[in-house]
Amino acid sequence: MSAILQRFISRSQLSLWHNTVQWMLPGAELRGLHTTAIANKAQAGRYRVTRDRSRPLTYEMANQPFKIAHRKSWNSWNTTSLLEGMREPETVVEDIFIRRFMTGTWHNLFLSEVIIKRQHNMVRIAGIVHQKINAQKMYFLTGYCEELLSYWLKCPVKLELQTVTDKQDVIYKYI
Amino acid sequence: MFLQKVYVLDMRAQQLLRPLACRSLATSHPRAEIKAAAEEEFRTLEIGRKKRERFTAKTFKPATMLPPRYKQQKTDQDWGSVWPAARTFHPATVPFPVRQGYPASGQPTPDKWANAELMKIPNFLHLTPPVIKRQCEALKKFCTPWPAGLETTAKQEKHFPVTVSKSSYLHSSPTIRDPKARIVTLKVHLRSLDLDYHGRDKLLRLVGERYDADTDCLTLVADRCPLSQQNYDYCQYLLTVLYNESMKTEPWEHEKELVDLEKYVWEGSPSQAAAQNVVTARGINDAEELLKEYGQVVTDLHNEGEDEATVLRYQESVMKLLGLTDPQDTATASEPKYIQGEVC
């Protein structure tokens with residue numbers, strides 16, 4: 001009992017009110033105010049700095065989410081977020097599917113994020129791809145993706161990829 | 001037979017027990033492999049699993065890197081043929097150098113090669129001025145000149161008084177449907193409609209808020225039907241009905257009372273009676289003009305509201321009616337006649 005009491009009272013997160021309550025109400029030490037360590041830090045899209053500055057970052061990775069519309073642009077372009085723009089949830093889910101499909105089909109080949117632009121009826125997919133496979137394979141993959149995605153999404157799909165020989169070209173800085 | 005009976009766990013012992021001729025052909029135990037090393041004195045014993053060779057995919061390296069496409073483009077080429085439609089930025093096709101991005105410390109602004117930011121943003125390389133000109137030229141054959149006789153707004157309003165408007169909507173989605181596209185708006189000026197005083201008054205009562213007094217414009221909005229064609233027909237029907245109904249006079253309209261009057265009418269009002277009383281009390285014989293003027297002023301006060309001009313005119317009229325003079329005007333003022341009476 002005293003051990004539990006000690007444990008509850010010695011924690012620094014407990015407020016003054018809670019400490020007061022301990023001796024006022026019987027059994028208060030058993031009704032714990034469960035608190036955690038500080039968990040309101042933003043950690044989305046942030047990469048840990050290494051000691052020897054060996055982690056390579058692309059421009060996209062180096063700029064954190066709050067830099068969107070400042071130093072970074074969006075990866076998804078469509079009319080759903082405009083006033084009375086329709087079909088927002090379906091578009092979002094389709095975008096998620098397209099991204100997974102592209103990164104999976106072009107296995108280990110995408111060096112940038114998949115950029116999805118929608119214009120009228122068309123879906124235009126862009127990105128930077130590494131030249132690890134030969135051109136014929138790339139053409140096949142392009143045709144395959146366009147064909148299957150157009151059947152799934154019921155829209156014409158166009159792939160507009162840029163290829164890069166060296167991975168170092170996309171690296172912006174090292175941290 | 002001898003071998004079958006003896007169960008020897010030790011591998012070495014088992015090897016020894018086998019006849020000599022079989023020893024060389026003995027299959028190796030997966031656990032311990034004895035390698036025959038010609039040069040070494042001792043045979044090496046390798047314990048442990050065989051190292052699996054890791055298969056690394058061969059990276060394809062193009063034998064000769066082709067130069068970027070813009071190096072083979074002439075400076076006076078037709079750019080509209082190179083970039084005919086909206087397309088994501090491609091650095092090898094676009095001939096000019098362009099940089100985009102915030103530079104890292106000690107680095108220049110990132111250039112166009114492998115620049116995802118340049119790919120993300122919309123570009124208008126498909127809409128250069130010569131291309132726009134070409135497209136306009138191509139569209140010109142579908143255009144007709146503006147009709148003669150409709151140059152000014154007045155003429156347009158005279159010949160086409162009714163304006164019907166509807167919108168269509170485009171979204172970046174597989175569907176072309178938008179429920180807002182069914183809304184149809186009909187606008188007409190009341191001066192274009194041939195209405196008398198009663199008709200106009202009745203129409204305004206029927207229509208309510210749809211009439212804008214500042215612009216003298218009646219606006220009818222229809223969105224109750226699913227198709228815009230149906231809503232358009234409904235608008236036409238509404239206008240027809242409104243006009244016809246306002247031209248008719250129903251028998252119950254004669255039951256209109258004082259409170260229903262749309263504006264103040266002086267004839268037959270208590271104000272007229274009171275003014276008449278004043279005039280007869282003062283004994284003025286021909287007070288037609290006075291009364292007329294007074295009536296006009298009171299009507300203005302009620303209909304147009306109270307502002308400085310109307311109140312001033314009312315003051316002057318009342319003073320004339322009562323025969324009062326401004327004390328400042330005449331030094332020797334005649335006796336002001338104060339007449340007890342209601343002046344409303």
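**Two helix pairs and a glutamine**

Guide: Helix 4 of chain A and helix 5 of chain A are roughly antiparallel to each other. This is a predicted model, where local features need pLDDT of at least 70, side-chain atom pairs count only at pLDDT 80 or more, and totals for chains, interfaces and linings use all residues. Residues are numbered from 1 along each chain as written, chains are lettered from A and ligands numbered from 1 in written order, and side-chain values use heavy atoms, without hydrogens and water.

Visitor: What makes helix 4 and helix 5 of chain A roughly antiparallel?

Guide: Their axes cross at roughly 155° and come within 12 Å. Over 145 degrees counts as roughly antiparallel (under 35 is roughly parallel, 65 to 115 roughly perpendicular, the rest oblique), so this pair earns the name. The crossing is right-handed.

Visitor: Which residues of helix 4 of chain A meet helix 5 of chain A?

Guide: Among them are A:Phe97, A:Phe101 and A:Thr105, and the helix 5 side includes A:Leu141, A:Tyr144 and A:Cys145. A:Thr105 sits in helix 4, which covers residues 88–105. Past its neighbours within four places in sequence, A:Thr105 is in contact (heavy atoms within 4.5 Å) with A:Leu141, A:Tyr144 and A:Cys145. Its side chain also reaches the backbone oxygen of A:Phe101 at 2.5 Å.

Visitor: Why does A:Gln131 count as buried?

Guide: Buried means under 20% relative accessible area (exposed is over 50%, partly exposed in between, with a 1.4 Å probe and protein chains only). A:Gln131 has 17%, so it counts as buried. You'll find A:Gln131 in the loop between strand 4 (122–130) and helix 5 of chain A.

Visitor: With which side chain does that of A:Gln131 make a polar contact?

Guide: The partner is the side chain of A:Thr163, at 3.1 Å. A polar contact is an N or O pair within 3.5 Å; within protein, one atom must be able to donate a hydrogen and the other to accept it, and sequence-adjacent residues count only if both atoms are side-chain atoms.

Visitor: How do you know how helix 11 and helix 12 of chain B run, parallel or antiparallel?

Guide: The axes of helix 11 (residues 288–304) and helix 12 (residues 308–322) of chain B come within 9 Å and cross at roughly 155°. That makes helix 11 roughly antiparallel to helix 12. Residues making the contact include B:Tyr294 and B:Val298 of helix 11, and B:Tyr314 and B:Val318 of helix 12. This crossing is left-handed.

Visitor: How many helices and strands does chain B have?

Guide: Chain B has 12 helices and 6 strands, and 24% of its 344 residues count as buried.

Definitions and conventions:
Helices (H or I, at least four residues) and strands (E, at least two) are DSSP runs, numbered from the N terminus. Axes are lines fitted to C-alpha atoms, for helices over the stretch in contact, and angles run from 0 to 180 degrees between N-to-C directions. A crossing is left-handed if the near helix is turned anticlockwise from the far one by less than a right angle, and right-handed if clockwise.
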